[in-house]
Amino acid sequence: MRTSKQKPGRTPGQGNRSLFRRTVFLLAVVGVVAFLPLVVQLVRLQLVQHDYWEERAANQQTRDVAVNAGRGTIYDAQGRTLARSGTVYQLILSPRDVLASVNEDNYKKEDGTTDQAAYEKAVKEKRELIVDGLVKIVGLDEDDLWDRIEYTDSAYDVLVKELEEEETTQIREFITENRLSSMLYLTPSSKRDYPYSAVGGHILGFMAYTQDSGSVKVGAQGVEAMYQDVLSGATGRVVTSKTGAGTEMLSSYEEYIDAENGGNLHLTIDATIQSMLEQTLAEGIETYNVKNGGFCIALDPSTGAVLGMASSPNFDPNDYASIFDQSLLNEIKGLAEEYGTDSTEYQQAVSDALNLQWRNKALSDTYEPGSTFKPLVVAAALEEGIISADDHFYCDGGEQVEDWFITCHKKAGHGDQTVTQVLENSCNDGMMQIAAKMGAETFWNYLESYGLFDSTGIDLYGEGTSVFWPGGEDFFTSIYGATSLATASFGQTFKITPIQMATAFASIINGGHLLEPYLVQSISDDNGNNTYYHQVQEVRQVISEETSSTIRSMLESVVAGPSASGRNAYMAGYRIGGKTGTSQKRDETTGNLICSFMGFAPVDNPKVLVLLAYDSPAQSATNSNYTPSGTYISGGNIAAPMAGQLIADILDYMGVEKQYSTDELEVADTTMINVTGYELTVAKGLLTDRGIRCRTVGSGNTVTGQLPKSGVTIPGSSTVILYLGQDAPTDKVKVPDLTGMSPSEAKNTLEDMGLFLRATGVTGDGSSMEAMNQSIVTGTEVTPGTVVEVRFVSSVIDYADQDLSGG
Amino acid sequence: MRKKAKRDLTIEQQLARGPLDLPYLALVLLLTAIGLIMLLSASYASAYYNLDAVDTGGNPYYYFLGQLKFAIAGVVIMYVVSKFDYQRWRLLSVPALAGSIFLLLLVFTPLGRSSNGARRWLDIGFSFQPSELAKVAVVLFFAASLSKRKDQIKAPPKKWNRRTRRGRLGEFAENIGLLELIPYALILLVILFLLYKQPHMSGMILVCSGAAAVLFASGIRLYWFVGGGSLVAAALVFLITQTEYMTARIQSWLDPLSDLQGDGYQLWQSQIAIGSGGLLGLGLGNSRQKYMFLPEEHNDFVFAIVCEELGLIGACLIIVLFALLIIRGYWLALHARDRFGSLLIVGINTQLAAQVICNIGVVTGALPTTGISLPFFSYGGTALVVQLAEVGLILAVSRQIVAPKVE
């Protein structure tokens with residue numbers, strides 16, 4: 001075949017055979033074999049690794065611009081804004097582009113080399129222009145700015161993080177005028193603003209960068225964290241194709257995913273009530289030199305809605321990383337002076353202080369509830385029929401429990417008491433007897449029913465876990481079982497969270513319903529439509545309606561009873577019920593006490609439940625029971641008066657109508673009428689009709705002047721002054737210091753000066769009452785006839801537990 | 001010029017008027033057409049955005065139209081060359097070789113133009129690379145002289161004087177085939193040296209591959225190839241391990257990500273283009289990598305855009321077309337009328353194959369980066385014209401193939 005193709009006459013030689021073979025070899029190798037690795041490589045890239053390369057391609061070919069969703073607003077129960085997001089601007093400088101903006105080519109000399117001096121001068125001038133401008137407009141530190149602008153490795157340096165819209169106008173003008181837009185620019189970002197500052201800080205939380213948050217701040221605590229997903233909404237995206245030069249691609253495709261603004265939260269919290277709570281905490285802490293702060297919870301007992309929840313120390317979410325509490329700040333300052341701000345002691349103290357101020361004690365901490373727990377035990381015993389309201393218990397000053405003799409706080413004993421009196425006296429002996437009758441198993445079951453082993457289900461992160469010594473179920477069955485039961489009856493040897501205590505307590509006064517506490521009433525979308533509305537969540541019925549009603553009236557006696565332990569919380573017209581508590585810290589040897597008061601009002605239909613506690617009021621000496629100012633350290637003396645006032649304020653704010661008993665009506669306020677110009681006898685008659693007593697000054701038959709003037713509201717028991725033959729004095733008088741006076745002393749002192757007393761707090765019972773504070777500061781000049789409101793308290797000794805180890 | 005009647009022609013002249021090999025011609029025209037279309041697609045973006053050194057005036061068809069003119073001219077030239085009796089190249093190969101060496105030297109005069117650090121171009125009214133001519137001239141000259149080797153002509157061997165040391169050495173050198181290689185080696189070294197000075201790595205590879213193929217096919221003893229191959233391999237190993245430039249190049253080939261700011265970038269972008277194409281590709285004209293991501297997307301890396309737009313299937317189809325063209329080329333070599341024709345086709349065809357394989361190898365990352373363009377696809381007018389002229393030579397040889405007897 002091959003020979004036939006050769007030119008006739010030419011003999012095929014060895015060379016031609018070799019040529020043929022070698023060409024065939026080349027054909028096989030170059031024409032076929034060499035292409036195989038290429039195909040293999042293509043298969044590898046285009047089939048095997050396709051996904052990998054496709055992703056790389058998408059990464060560089062598309063511009064994925066995030067469209068920020070507006071974060072939802074947080075409103076309080078009255079629709080007031082507690083947290084909102086606003087647009088702020090970041091000022092960004094690119095030092096690299098500042099350098100690049102001066103074109104080196106413009107400073108080329110004829111021989112092609114650069115005129116270095118001229119070039120550097122031009123760069124310096126450009127930088128000076130920017131530095132001077134920014135120092136003038138934004139007030140940046142000049143030296144720092146020079147350091148930054150000379151660091152040309154950087155193309156992105158955030159000079160100012162949060163500029164308000166108004167502040168940017170001048171900068172924008174500066175940028176446009178000097179054509180600096182390539183090196184200095186503003187980018188919008190968002191800022192969370194808390195208009196009420198520290199009010200409700202623990203509930204709201206704050207926005208911070210976290211491990212997974214990337215470049216966006218996320219809610220780091222409180223409802224901001226709990227409802228992060230709801231509030232943040234969905235970030236929108238615009239995906240466009242872009243060229244390698246970063247511009248829009250010619251045959252571009254675009255994809256829009258709309259941003260969805262976050263939902264708005266409508267809290268059950270009322271900013272006014274919340275600030276009352278915080279105010280009450282702060283006042284008490286200051287008055288009694290409380291060392292470890294405190295907490296306060298206000299619930300709507302019928303729904304579980306949290307009206308307010310405060311912890312001290314607290315913080316300002318606008319500036320969460322700064323220490324807010326003044327006393328903490330002073331401590332830190334002291335450390336800074338002692339060790340210097342670089343010392344580990346100082347750093348540690350700052351970090352500890354921050355963690356402390358961020359801590360929502362009402363939620364996360366556990367404490368021994370002490371005597372405030374007693375009503376829960378009584379309710380359980382009543383419900384089980386183990387005791388009846390008419391049963392009597394005899395307190396002889398203590399109880400022998402196995403090897404221990406556990407004393408009552410009144411070592412002499414309270415004697416014979418009804419169940420109500422056991423509570424009124426906060427008698428430990430009586431409680432131990434009730435608990436013993438009930439038995440460990442029933443008691444344990446009720447602890448469970450009250451939800452003390454579970455989290456309450458409140459919509460916040462960080463709820464604490466209750467602790468029962470010595471651990472779980474063994475609490476009552478261990479060798480210490482009987483003593484555990486005895487001490488648990490008055491709220492010691494176990495720790496629960498304040499919110500657990502408040503919800504459990506709510507269940508015994510609201511008809512027996514254990515409710516899930518909650519903070520978010522509803523969530524609304526952009527258009528104001530509700531996307532969620534909270535339904536009251538009942539966990540279980542713990543006790544019956546009747547038992548609940550019995551307990552309510554017993555607890556009213558604890559406050560209203562003339563010598564009851566809660567009498568300092570009494571406020572006429574508000575029908576407050578409650579229980580004091582002075583708890584030891586069984587896991588500490590500090591001797592510190594927690595003084596608390598658990599109260600609610602009005603008793604017949606509770607609208608608000610308040611738990612107020614102060615952790616460790618300063619003692620005059622180690623293990624002393626008195627504060628340096630001489631107040632006996634107990635819930636009844638420290639927490640009850642503050643809580644009583646707080647409850648009254650809350651009810652006033654809520655517009656709950658006052659209810660007076662007949663006794664109270666006598667002293668209830670009345671309005672002075674005009675009797676000037678009347679015959680004395682007529683005037684006296686008119687006043688007597690209204691239950692107003694009077695005395696006369698001067699002589700004559702016609703009233704020529706009166707104190708106070710008509711229309712002024714005065715307490716019913718006041719004695720008004722009628723002037724005969726002379727005008728009522730108009731010279732101003734100075735309000736005297738009434739602190740420490742008994743009600744009658746205070747009344748006399750004031751009336752002598754033509755002033756009137758309105759006594760609040762504990763009503764007269766003959767026991768040692770003294771004025772705690774007065775509405776008008778000592779020394780203030782007032783016109784005669786002014787009513788001075790004075791709060792009276794009486795010393796209450798209601799230790800929950802005394803001397804467990806004794807005997 | 002009046003056409004002579006067939007009967008007036010000599011047998012030689014009649015043979016030169018034989019029919020073209022139609023399958024080969026068809027493959028060439030098909031590849032040229034596909035190449036033009038792909039060039040249009042690949043160059044569209046960079047011509048439109050006008051960011052390259054060449055001022056396109058923002059005309060997206062700038063590169064395409066330029067290439068189209070050359071393609072038309074190239075096809076005409078191809079036809080003209082195919083009509084030219086290739087036997088005359090036996091003599092013309094000498095001035096052709098001398099001429100290209102002269103032009104290669106001219107590059108180093110002010111007539112030469114350098115770009116991207118390489119002095120490869122000659123500006124004489126138009127701009128072209130003399131290396132393009134040199135690689136054909138080498139093949140022409142080698143084929144012409146090697147077609148008259150002694151084992152072909154059976155001339156009596158030259159008598160060596162065995163008494164002298166020189167004579168014995170000479171006889172030994174002749175026996176092992178060294179002596180006849182010396183002139184070829186010298187010519188090759190001169191051209192390679194000139195290309196090395198430019199520097200023009202791909203030119204060197206192509207000249208070597210063409211020359212080696214002709215030497216190989218002409219029956220040079222295999223151990224010279226083994227020896228030469230080892231020498232080249234040793235030189236490469238030395239270059240790669242001892243010079244920083246080559247080490248970096250190899251490094252950026254093995255791991256493009258390590259050098260994304262430099263050489264690695266192009267390969268990385270090329271692999272993104274190829275890989276993202278997948279099985280079926282993004283569709284003709286839909287490449288995204290051509291939008292300023294992949295540099296040289298209409299030159300050396302046009303095949304990456306082909307892969308991105310046409311997918312694995314399209315890319316393989318084009319590879320198959322190239323393979324068929326090369327196989328048909330060797331088939332023509334096997335059937336050529338004489339040794340000269342065979343060697344000529346083997347040389348040109350192997351060059352073409354080497355160019356295609358190297359280019360696709362580089363683009364896909366199978367081979368380290370060398371600036372080799374893809375025949376019929378890459379932008380470059382003179383290269384295309386020369387390419388088509390070379391094809392014309394092969395077609396000229398195909399005209400003189402004696403038609404097989406009808407069986």
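**A look inside a predicted two-chain model**

Leaving aside residues up to four places away in sequence, V386(B) touches E132(B), L133(B) and V136(B). This is a predicted model, so everything here describes computed coordinates. V386(B) sits in helix α15 of chain B, which covers residues 381-399. One of the residues it touches, V136(B), is 250 residues away along the chain, yet the two C-alpha atoms are separated by just 8.7 Å. V386(B) also has 21 other C-beta atoms within 10 Å. The cut-off for being buried is 20 or more, so V386(B) counts as buried.

Zooming out, chain B has 407 residues, and 47% of them are buried. The chain contains 15 helices and 3 strands. Take the contacts in chain B between residues at least 6 apart in sequence: 72% of these join residues at least 24 apart.

The 3 strands of chain B line up as an open sheet in the order β1-β2-β3, with antiparallel pairing. At the edges lie β1 (112-115) and β3 (126-128) of chain B, each of which pairs on one side only. On average, neighbouring strands in this sheet are turned by 35° against each other, ignoring direction. Between β1(B) and β2 of chain B (residues 118-124), the antiparallel pairing runs over 4 bridges. To pick out a bridge, R113(B) has W121(B), in β2(B), as its partner.

Chain A has 807 residues, of which 43% are buried. Its secondary structure comes to 27 helices and 35 strands. Among its contacts between residues at least 6 apart in sequence, 71% link residues at least 24 apart.

Helix α14 of chain A (residues 344-358) is a good one to follow by eye. Its 15 residues reach 21 Å from the first C-alpha to the last, close to the 21 Å expected at 1.5 Å a residue. Which residues of α14(A) are buried? They are A353(A), Q357(A) and W358(A). Looking down the axis of α14(A), these buried residues fall within an arc of 125°, so they line one face of the helix. That kind of pattern fits the way a helix winds: an α-helix has 3.6 residues a turn, so residues three or four places apart point the same way. The buried residues of α14(A) pack against α13 (326-339) of chain A. Turned away from that buried side is a face with the exposed residues T344(A), E345(A), Q348(A), S351(A) and N355(A).

Helix α19 of chain A, spanning residues 440-449, can be read in a similar way. Its buried residues are F443(A), Y446(A), L447(A) and S449(A). Seen down the axis of α19(A), they fall within an arc of 160°, so they too line one face of their helix. After α19(A) comes G451(A), which has a positive phi, near 75°.

Finally, there is the place where the two chains meet. Here 44 residues of chain A are in contact with 52 residues of chain B. On the chain A side, at least two residues each come from α1 (2-5), α2 (14-33), α3 (35-48) and α4 (50-61). The largest share, 14 residues, comes from α2(A). Sorted by class, the side of chain A that touches chain B has 22 nonpolar, 17 polar and 5 charged residues.

Technical notes: Residues numbered from 1 in each chain as written. Chains lettered and ligands numbered in written order. Predicted model: local features only at pLDDT ≥ 70, side-chain atom pairs only at ≥ 80, totals over all residues. Contact = placed C-beta atoms within 7 Å. Nonpolar A, V, L, I, M, F, W, Y, C, P; charged D, E, K, R; others polar. Pairing = 2+ DSSP bridges. Axes fitted to C-alpha atoms, helices over the stretch in contact; angles between N-to-C directions. Buried ≥ 20, exposed ≤ 12 C-beta atoms within 10 Å, placed from the backbone. Arc of directions from axis to C-beta. Expected span 1.5 Å × (residues − 1).
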